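Student: Can you walk me through this one? I'd like to get my bearings before I go back to the bench.

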Amino acid sequence: MPEARRPRPVLGAVAAFAVLTLGASACAGSGPSGPDIDLGAGPGQVGTVKSGALKGLNMTFVSYGGIYQKGQQDAATDRFAAESGANVVQDGPTDYAKLKAQVESNNVSWDVVDTGSVWADAQCDKLLQPLDYSIIDKSKIPNGLATKCSVPAMQYGYVLAYNKTKFGGNPPTGWKDFFDTAKFPGKRAINGDPTNPEPGPYEAALLADGVAPDKLYPLDTARAERVLSAARPALVFWKTGAESQQLLESGEVDMAMLWSGRAYGAIKNGAPYEVQWNQFFPVMDSLTVPKGVKSPKAAMALINYYLGAAQQAKLTELTTYSPVNTDAKPQLDELTSSFITTTKARQEQAVPVDATWWAANQDALLTHWSAWLGS
Amino acid sequence: MAVLDELTSAGGAGRGGAVAVAEPGTAADRRRTRPGLLVAPALILLLAFFVYPVLTMVWRSLTDPTPGLGNFVWFFTEPANLRVLARTFTTSLWVTVIALLLSYPYAYAMTAVGRRGKAVLTLLVLVPFWTSLMVRTFAWQVLLQDTGVVNRVLGSVGLGPLALIRTETGVIIGMTQVLMPFLVLPLYAVMSGIDLRLVRAARSLGARPLIAFTRVYLPLSMPGVVAGTLMVFILSLGFYITPALLGSPTDALISQQIFTQVSGLLRWGRGGAMGVVLLVATLVLVGLVALALRRTTPGQRAGGAP
């Protein structure tokens with residue numbers, strides 16, 4: 001055997017590998033900084049962008065895929081691309097680890113990212129940059145929903161759905177009944193994704209235990225977990241939105257705590273369920289801009305366009321999620337309009353959640369939640 | 001005696017064949033001049049997509065967020081982590097044992113049936129093997145749910161409904177089906193090379209069927225058993241999608257906990273530490289198996305040689 005020759009190819013391989021990685025990092029480091037962008041004089045007007053202002057610029061819009069992202073594309077980003085001249089491509093699903101990797105390696109290819117609202121607040125000034133409200137016109141965003149680093153992407157509800165053939169005569173009236181397995185026997189589905197403790201299960205458990213809606217925060221997690229643990233034999237955990245919908249459509253659970261869009265999907269497909277809107281939690285997705293994007297101005301312009309009344313109306317018509325522009329007037333059928341969470345009647349039934357408190361305590365809550373789920 | 005003659009001549013022919021393959025002559029010499037170059041593409045691939053990421057993971061586990069052993073201390077002082085690690089190994093063991101019990105007779109059947117039967121059996125293994133993991137897992141979700149086909153059949157004969165989905169049982173069923181090809185195929189490869197006349201010889205020399213199987217056939221099929229079970233066991237240890245979709249959070253395996261750390265909490269150091277622990281535990285286990293095999297193999301050789 002030609003022993004002496006063996007090391008050489010190894011060296012060659014190492015060298016080639018070094019070249020590969022160096023090449024990759026060189027590409028990453030020396031991206032061209034965004035061109036000087038002229039978005040026109042004066043502050044931004046919601047839903048508009050200066051025609052041709054971003055000609056030839058490549059941008060990436062990231063969201064959660066499915067009918068939702070398709071709706072965002074048709075209602076907002078495609079039209080934004082057509083008017084501004086930018087080339088907007090879709091990517092997804094949103095993955096916080098990927099976003100972190102991009103920011104840390106200073107090679108950010110995601111310009112505008114649809115994220116959970118608690119996460120957006122928690123990562124403000126860390127992985128996400130403050131939004132520029134001289135470009136984004138927030139005057140039509142419902143009160144308090146625009147924050148330093150995020151605007152709402154849409155709104156929906158975290159709701160209680162129940163089987164109307166089983167409980168039709170005597171439906172559950174709120175979260176107290178949801179956790180009362182003696183009065184309402186049967187299985188109930190709740191979120192069991194250990195990576196994603198959203199506002200919802202803890203709040204519902206505390207409301208069921210008699211805590212007043214305005215005294216929920218700071219959350220007494222130990223107390224909430226006692227309620228959850230007591231109901232645990234009847235609980236079925238879903239890990240994805242699709243699974244929660246599937247649980248209703250297959251009739252496996254008699255009640256479920258799930259996202260309103262998924263309840264809508266199941267009911268539309270003929271599942272015999274109804275939503276008890278009393279005590280529902282209004283929740284939302286957020287639009288964010290990672291730190292280190294090549295052209296922050298263009299990202300802000302896209303968000304400003306996305307928030308327009310016409311765009312939001314279209315988005316609602318396409319996805320059934322509620323608009324985040326107070327002027328939006330979507331044309332909807334009866335079932336869909338009953339799922340709009342932003343109407344006055346719905347807002348009166350809502351129990352508001354404190355996203356800021358969640359953001360400040362996210363780490364502890366995540367650890368708690370995944371520990372309880374795994375116990 | 002006739003059988004024995006046949007055996008020795010078959011063995012001889014086999015050996016002759018092997019020798020011929022090993023000495024193809026000058027063409028091979030030419031090829032041998034630069035054997036390293038042939039390895040280079042694979043080596044580069046391994047360095048870039050395996051060694052480098054693994055080293056990054058190890059580095060992260062020791063430096064993120066602060067340098068030191070903090071992530072490992074966290075792993076070993078949190079009882080939940082040790083529970084998950086133990087559960088990962090027991091689940092993988094169950095999957096491996098059940099998959100072996102099902103695959104062994106199946107692979108044997110593949111060698112024993114006629115040509116058409118073999119084609120059908122092979123297809124039955126390969127079609128799921130080529131089908132997307134997601135599709136198969138979702139199929140199991142539909143089959144195993146409380147109102148699913150399995151429970152409806154069980155219900156019609158007065159059993160059940162059994163809790164299959166979102167239980168450890170469901171995870172084991174799903175993983176076993178998904179991983180079975182990794183056992184069937186190596187088993188079949190080895191079994192189809194076993195000379196069945198050896199078993200007949202044992203029988204003709206007075207061995208009862210069970211003895212002929214355990215003393216002759218089983219040892220000869222062991223390479224397939226070892227290769228297949230190791231592959232299935234190691235793949236099970238890192239399985240993510242199937243346990244995530246078929247199990248409940250209560251039955252989470254370590255890959256899901258790693259995902260929680262990496263993607264949910266963005267604590268890459270902890271995720272890395274969990275990966276390192278899993279890697280080391282796996283290597284130790286594989287090392288022990290290899291050691292045990294080395295100890296038993298010489299004996300088998302002495303007994304099994306024709």
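Tutor: Sure, and one definition to start with: a residue is buried if 20 or more other C-beta atoms lie within 10 Å of its own. Keep in mind that this is a predicted model. By that cut-off, helix 7 of chain A (residues 201-208) is mostly covered, with 8 of its 8 residues buried.

Student: Which residues of helix 7 of chain A are buried, then?

Tutor: They're A:Pro201, A:Tyr202, A:Glu203, A:Ala204, A:Ala205, A:Leu206, A:Leu207 and A:Ala208.

Student: And what covers the buried residues of helix 7 of chain A?

Tutor: The cover includes helix 6 (175-178) and helix 8 (221-231) of chain A, plus strand 5, strand 7 (255-259) and strand 8 (273-288) of chain A. Just after helix 7 of chain A, you'll find A:Gly210 with a positive phi of about 100 degrees.

Student: OK, strands. What's the strand order in the open sheet of chain A?

Tutor: The order is 2-1-3-8-4-7-5-6, so to speak reading across 8 strands, and the pairing is mixed. Strand 2 (87-91) and strand 6 of chain A are the edge strands, each pairing on one side only. On average, neighbouring strands of this sheet are turned by 25 degrees against each other, direction ignored.

Student: Which helix packs on the sheet by touching strand 1 and strand 2 of chain A?

Tutor: That's helix 2 of chain A, residues 66-84. Its direction makes about 165 degrees with that of strand 2 of chain A.

Student: Back to the other edge. Do strand 5 and strand 6 of chain A pair in the parallel or the antiparallel sense?

Tutor: Parallel, over 4 bridges, with strand 5 of chain A spanning residues 188-191. One bridge partner to look up: A:Ala189 is matched with A:Val236 in strand 6 of chain A.

Student: Which way do the residues of strand 6 of chain A point, and are they buried or exposed?

Tutor: A:Leu235 and A:Phe237 point one way, A:Val236 and A:Trp238 the other way, and all are buried.

Student: Now the partner. How many residues of chain A are in contact with chain B?

Tutor: 30 residues of chain A, and they meet 26 residues of chain B. Helix 1 (7-29), helix 3 (96-104), strand 6 (235-238) and helix 16 (362-374) of chain A each supply at least two residues of that side of chain A. Helix 1 of chain A gives the most, with 8 residues. By class, the side of chain A that touches chain B has 14 nonpolar, 8 polar and 8 charged residues.

Student: Switching to chain B. At what angle do helix 7 and helix 9 of chain B pack?

Tutor: About 140 degrees, with their axes 10 Å apart. Helix 7 of chain B and helix 9 of chain B are therefore oblique to each other, and the crossing is right-handed.

Student: Which residues make that contact?

Tutor: Helix 7 of chain B brings B:Leu133, B:Arg136, B:Thr137, B:Trp140 and B:Leu144, while helix 9 of chain B brings B:Gly170, B:Ile173, B:Gly174 and B:Val178. They divide into 5 nonpolar, 3 polar and 1 charged.

Student: Last one: how many residues of helix 10 of chain B are buried?

Tutor: 10 of its 11 residues. The cover includes helix 5 (79-112), helix 6 (115-130), helix 9 and helix 12 (209-237) of chain B.

How values were computed. Residues are numbered from 1 along each chain as its sequence is written. Chains are lettered from A and ligands numbered from 1 in the order in which they are written. This is a predicted model: local features need pLDDT of at least 70, side-chain atom pairs count only at pLDDT 80 or more; totals for chains, interfaces and linings use all residues. Two residues are in contact if their C-beta atoms, placed from the backbone, lie within 7 Å. Ala, Val, Leu, Ile, Met, Phe, Trp, Tyr, Cys and Pro count as nonpolar, Asp, Glu, Lys and Arg as charged, and the others, Gly among them, as polar. Two strands pair if DSSP finds at least two bridges between them. Axes are lines fitted to C-alpha atoms, for helices over the stretch in contact, and angles run from 0 to 180 degrees between N-to-C directions. A residue is buried if 20 or more other C-beta atoms lie within 10 Å of its own, exposed if 12 or fewer, and partly exposed in between; C-beta atoms are placed from the backbone. Angles under 35 degrees count as roughly parallel, over 145 as roughly antiparallel, 65 to 115 as roughly perpendicular and the rest as oblique. A crossing is left-handed if the near helix is turned anticlockwise from the far one by less than a right angle, and right-handed if clockwise.
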